[in-house]
Amino acid sequence: MARTTYADRLTAIINNPAVSAGDRNFANSLLSYYVKRKSLTSGRARCVRELEQRYSPEAVAERAARTAPLTARLQTLTSRVTEGSWAGGFVESLTEQLASGRNLSQRQLEILEKIEGEHSDEAISAAAAWNNNFSDDMRERLTVAARYYRREGYFTNLVDRALTPDGQPTAFIPTEKQYRKITENKYAQKVLTAHYDAPKYAPGSMVQLRPSSGYLARSKAGAKPCVVISTSEPIVSACKGAKVYRILPIGASEMITIEERHIKKARGV
């Protein structure tokens with residue numbers, strides 16, 4: 001009868017369907033070491049024995065019985081979470097941890113319960129209703145806030161899903177929590193107020209720069225009167241008077257982009 005080698009024992013572990021992905025990778029590394037060196041160190045040999053004990057039929061059966069309720073919860077949740085999401089990866093990690101015989105920590109159980117609540121029948125129904133009721137006005141508010149935060153460098157993951165690289169809105173619908181987080185904070189509220197406020201100076205009006213307009217704008221227009229071309233540029237500041245205009249100095253060919261707070265009605269026009 002042929003002698004059973006470590007290669008045979010490790011191959012059996014690797015082929016055991018009950019073995020977790022992490023332990024399977026570990027067994028593969030041990031097998032590679034054995035094939036190269038033709039032997040194992042005492043520490044590595046002990047790891048082989050521990051893996052064999054952990055995944056013996058008796059240990060697998062005992063573990064399955066003990067963790068059955070939790071395993072069932074994880075299986076149910078796996079079918080509900082979005083593939084590739086953080087929640088999906090967390091549930092997958094817990095499933096592998098249980099399979100390898102390691103208990104879940106209290107903190108892990110708390111996070112699991114939270115994810116279950118976010119993926120309950122009620123939560124799924126509420127999310128579907130939210131998506132169905134996501135209006136054009138809500139899309140506009142999301143777009144305005146996202147353009148502001150792209151410039152500021154916050155909410156980057158959410159902004160990149162809400163806007164194309166050139167700043168146009170996508171078909172992405174955020175969750176209600178995401179939407180409120182990006183549109184209802186105090187900075188976004190100021191930006192949205194500036195966006196929806198009626199312009200103080202309508203297109204075609206004559207304006208001139210205030211001293212606060214800055215060197216670059218004043219170098220282009222100086223004290224010349226300027227005609228308002230548009231008032232619908234993306235808002236870049238969370239402050240009063242932040243509506244953005246495009247104005248053209250009289251006699252110039254290059255327009256200036258400037259905030260309302262930096263212009264005033266042209267004198268004598």
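Start by selecting Lys 177 and Lys 181 on helix 10: both are exposed, meaning over 50% relative accessible area, whereas buried means under 20% and partly exposed lies in between (1.4 Å probe, protein chains only). Helices here are DSSP runs of H or I with at least four residues, strands are runs of E with at least two, and both are numbered from the N terminus.

You are looking at a predicted model, where local features need pLDDT of at least 70, side-chain atom pairs count only at pLDDT 80 or more, and totals for chains, interfaces and linings use all residues. Residues are numbered from 1 along each chain as its sequence is written, and side-chain values use heavy atoms, with hydrogens and water left out.

Now turn to the other side of helix 10 (residues 176-183) and select Tyr 179, Ile 182 and Thr 183, which are buried. Looking down the helix axis, you will find these buried residues within an arc of 85°, so they line one face of helix 10; the arc is that of the directions from the axis to the C-beta atoms.

What covers them? Show helix 7 (121-132), helix 8 (136-152), helix 9 (156-162) and helix 11 (186-196), which are among the cover of the buried residues of helix 10. Contact here means heavy atoms within 4.5 Å.

Finally, zoom out to the whole protein, with its twelve helices and five strands. Its C-alpha atoms fill a box of roughly 110 × 45 × 25 Å along the principal axes. Of the 269 residues, 35% are buried. Among contacts with a separation of 6 or more, 54% come from residues 24 or more positions apart.
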